[in-house]
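Please open the structure in your viewer, show the backbone as a cartoon and keep the side chains hidden for now. The tour goes from one selection to the next, and each stop says what to look for there.

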Amino acid sequence: MEPIQHIRETNSGYEISWKGYLTISYVNEWMDWIKLWKFKSGAILKLNLNQVERIDTAGVQLLLFMKNYTLEQNYILKLDSHSLPVLKIFDVLGLVSYFGDRVKVKKEHSSELEFRYGTKKQSV
């Protein structure tokens, strides 16, 4: 599936939506596209991941690259609306807290993930 992206300007920066696969087959294409970004310093780049259907470790490496690249370019990267495939791989690799973004997990998906956000720990 060809990756599709959309950029929409917002009051605080830009909302970027990705659709499709974030896998080794498309990482070079995404990387080339990212390196073309020219935003003003301090811009908030909100990356909407709700339509990412498949992600592998190469896709995760791309997101890690983006985190570092945006810091170097003085942009603020925020990952948003994580799809279940993204949440699953972040869960397995322990990356949810690394990115530091708010994660919303639908109730029907919570049993498929190990991490817990917004839940109270029960004392034993």
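Begin with Leu 47, and bear in mind throughout that this is a predicted model. If you leave aside the neighbours within four places in sequence, Leu 47 is in contact with Ile 16, Trp 18, Leu 63, Met 66, Leu 77, Lys 78, Leu 79 and Asp 80. One of these, Ile 16, is also tied to Leu 47 through the backbone pattern, since Leu 47 in β3 is the bridge partner of Ile 16.

Now colour the cartoon by secondary structure. The protein has five helices and four strands, and from the N terminus on its elements follow the order β-β-α-β-α-β-α-α-α.

Select β2 and β3 together: they pair in the parallel sense over nine bridges. Between them the chain passes through α1, and this β-α-β crossover from β2 to β3 is right-handed. Extending the selection to β4 shows a parallel pairing with β3 that is made through five bridges, among them the one in which Lys 46 has Lys 78 of β4 as its partner. Adding α2 completes a second stop of this kind, for β3, α2 and β4 form a right-handed β-α-β unit.

Next, display the side chains of the largest nonpolar core, which contains 37 residues. Trp 18, Leu 45, Leu 47, Leu 63 and Phe 90 are the members that touch the most others. At least two residues of this core come from each of β2 (13–22), α1 (27–35), β3 (44–55), α2 (57–72), β4 (76–80), α3 (84–93) and α4 (96–99), and α2, with six residues, gives the most. In soluble globular proteins, nonpolar side chains tend to be buried together.

From the core, move to the aromatic rings, where a search of the whole structure finds eight aromatic pairs. Select Trp 18 and Trp 30, whose rings are stacked at 4.0 Å centre to centre with 25 degrees between the planes. Trp 18 lies in strand β2 and Trp 30 in helix α1, so this pair ties together parts that are twelve residues apart in sequence. Both Trp 18 and Trp 30 are buried.

Compare this with Trp 37 and Phe 39, an aromatic pair that is tilted, at 5.6 Å centre to centre and 55 degrees between the planes. Are these two rings buried or exposed? Trp 37 has a relative accessible area of 4% and is therefore buried, and Phe 39, at 14% relative accessibility, counts as buried too. Add Tyr 14 and Tyr 75 to the selection, and you have one aromatic cluster made of Tyr 14, Trp 37, Phe 39 and Tyr 75. For another kind of ring contact, select Tyr 21 and Arg 54: the charged end of Arg 54 sits over the ring of Tyr 21, 4.6 Å from its centre.

The last element to select is α3, whose buried residues are Leu 84, Val 86, Leu 87, Ile 89, Phe 90 and Asp 91. These buried residues pack against β3, α2, β4, α4 and α5 (107–110). Just after α3, look at the backbone of Gly 94, which takes a positive phi of about 70 degrees.

To finish, show the whole chain again. Of the 124 residues in the protein, 43% are buried. Among contacts with a separation of 6 or more, 68% are between residues 24 or more positions apart.

Technical notes: Residues are numbered from 1 along each chain as its sequence is written. This is a predicted model: local features need pLDDT of at least 70, side-chain atom pairs count only at pLDDT 80 or more; totals for chains, interfaces and linings use all residues. Side-chain values use heavy atoms; hydrogens and water are left out. A nonpolar core is a set of buried Ala, Val, Leu, Ile, Met, Phe, Trp, Tyr and Cys residues joined through side-chain atoms within 4.5 Å. Buried means under 20% relative accessible area, exposed over 50%, partly exposed in between (1.4 Å probe, protein chains only). Contact means heavy atoms within 4.5 Å. Two strands pair if DSSP finds at least two bridges between them. A crossover is right-handed if, with the strands pointing away from the viewer, the path from the first strand over the helix to the second runs clockwise. Rings of Phe, Tyr and Trp (its six-membered ring) pair if their centres lie within 6.5 Å; planes under 30 degrees apart count as stacked, over 60 as edge-to-face and the rest as tilted. A charge sits over a ring if NZ of Lys or CZ of Arg is within 6 Å of the ring centre and within 35 degrees of the ring normal.
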